Amino acid sequence: QIHIIDFDDENNIINKNVLLHQVGEIWHISTSPADKGVLATCYNKTSEGKVMTCAAVWRMPKELESGSHESPDDSSSNTQTLELLCHLDNTAHGNMACVMWEPMGDGKKIISLADNNILLWDLQESSTNAVLSSSTALEGKGQLKFTSGKWSPHHNCTQIATANDTTVRGWDTRSMRQIYCIENAHGQLVRDLDFNPNKQYYLASCGDDCKVKFWDTRNVTEPVKTLEEHSHWVWNVRYNHSHDQLILTGSSDSRVILSNMVSISSEPFGHMVDDDELSDQEDQHQEEKIKEPLQDSVIATYEEHEDSVYAVEWSSADPWLFASLSYDGRLVINRVPRALKYHILL
């Protein structure tokens, strides 16, 4: 099933609509940046006794796109089915790990990671057909498999980052060539990646060594910063879309941690005040304020989950709102603490 969750902010009510995904169990889901009714899933399919992970692009029913605050009276009669637009599986390439949409695009370009292959798809008119426009494969010893990837919103969307085993790599989507490689980025498997939305060379990674690391992709010998707050695998790391010092992480230690990484954000000194605007007294006070180095810190640890947290995500509509999802099916919606919100804004 896919659940469309509608959060009514004013009344703190969560409504949901259920969509049937009849082809199989879902392992990854991603939505089109250009069309809010279109999404892609990676799912398990059993054929001839073998389990394959495939991918497809779907459209949800029109009435669910708008996000209406009406709760369905009887949810059982309200189950609807997704409309299949096209399949992305070329089983020759192996099992799909994830699907990424071009971040600023028109929703026509998709990259999928399948085993050790990077596949760039072109969705034709109305997305009912996907053409493989280019691909590349990871060469090397052993069973190489991608675990996750992220499409960079910078450099005119010509770069992606991928994770396989303990390595993070950058690729140019035009030539499909590797542009950087961070070997042993983590001591164990890398689970997730995210690009800083405002600083073009900054990339966050997290993994099974319980760490979150921040990289400057121009110099990958050492991470710029490392966070070691979790006590088990870190499944997810997410930059806030508007205020890039805010970092969300979710882990199998059942916790969601909100960190304030001021020192490596796009506003490391806060908003600088123009000298002319200050009187003498304020002036001295301001100078003292600037001298104080801003500290990176954990803002809050959320412990509403009783099981492994597999997903955290910021709201794309409200920069102070985020959701997390755990293995036991619990979805939690939280807000950034008000004091910090005003500290950032004022």
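**View 1. I29 meets its partner across the strands.** In strand 4, the residue that bridges with I29 is T41. Keep in mind as you look around that this is a predicted model. Strand 4 covers residues 38–47, and strand 3 pairs with it in the antiparallel sense. Five bridges link strand 3 and strand 4.

**View 2. Zoom out a little and you'll find an open sheet of four strands.** Read across the sheet and the strand order is 3-4-5-7, with antiparallel pairing. Strand 3 (26–31) and strand 7 (83–87) are the edge strands, so to speak the outer lanes, and each pairs on one side only. Ignoring direction, neighbouring strands here are turned by 35° against each other on average.

**View 3. Here are some cysteines, but the structure holds zero disulfides.** A disulfide is a covalent bond between the sulfur atoms of two cysteines. Why doesn't C54 have a bond to the closest cysteine sulfur? That sulfur sits in C42, and at 9.3 Å from the sulfur of C54 it is too far for a bond. For a pair to count, the sulfur atoms would have to be within 2.5 Å. Is C54 buried or exposed? C54 is buried, with a relative accessible area of 0%. C86 is buried as well, at 5%.

**View 4. Now step back to see the whole chain, with its three helices and 26 strands.** Of its 346 residues, 47% count as buried. The accessible surface adds up to about 17,900 Å², and carbon and sulfur atoms own 45% of that. Now take the contacts between residues at least 6 apart in sequence: 47% of these join residues at least 24 apart.

Technical notes: Residues are numbered from 1 along each chain as its sequence is written. This is a predicted model: local features need pLDDT of at least 70, side-chain atom pairs count only at pLDDT 80 or more; totals for chains, interfaces and linings use all residues. Side-chain values use heavy atoms; hydrogens and water are left out. Two strands pair if DSSP finds at least two bridges between them. Helices (H or I, at least four residues) and strands (E, at least two) are DSSP runs, numbered from the N terminus. Axes are lines fitted to C-alpha atoms, for helices over the stretch in contact, and angles run from 0 to 180 degrees between N-to-C directions. Buried means under 20% relative accessible area, exposed over 50%, partly exposed in between (1.4 Å probe, protein chains only). Contact means heavy atoms within 4.5 Å. Accessible areas come from the Shrake-Rupley method with a 1.4 Å probe; for residues, only the protein chains shown count as cover.
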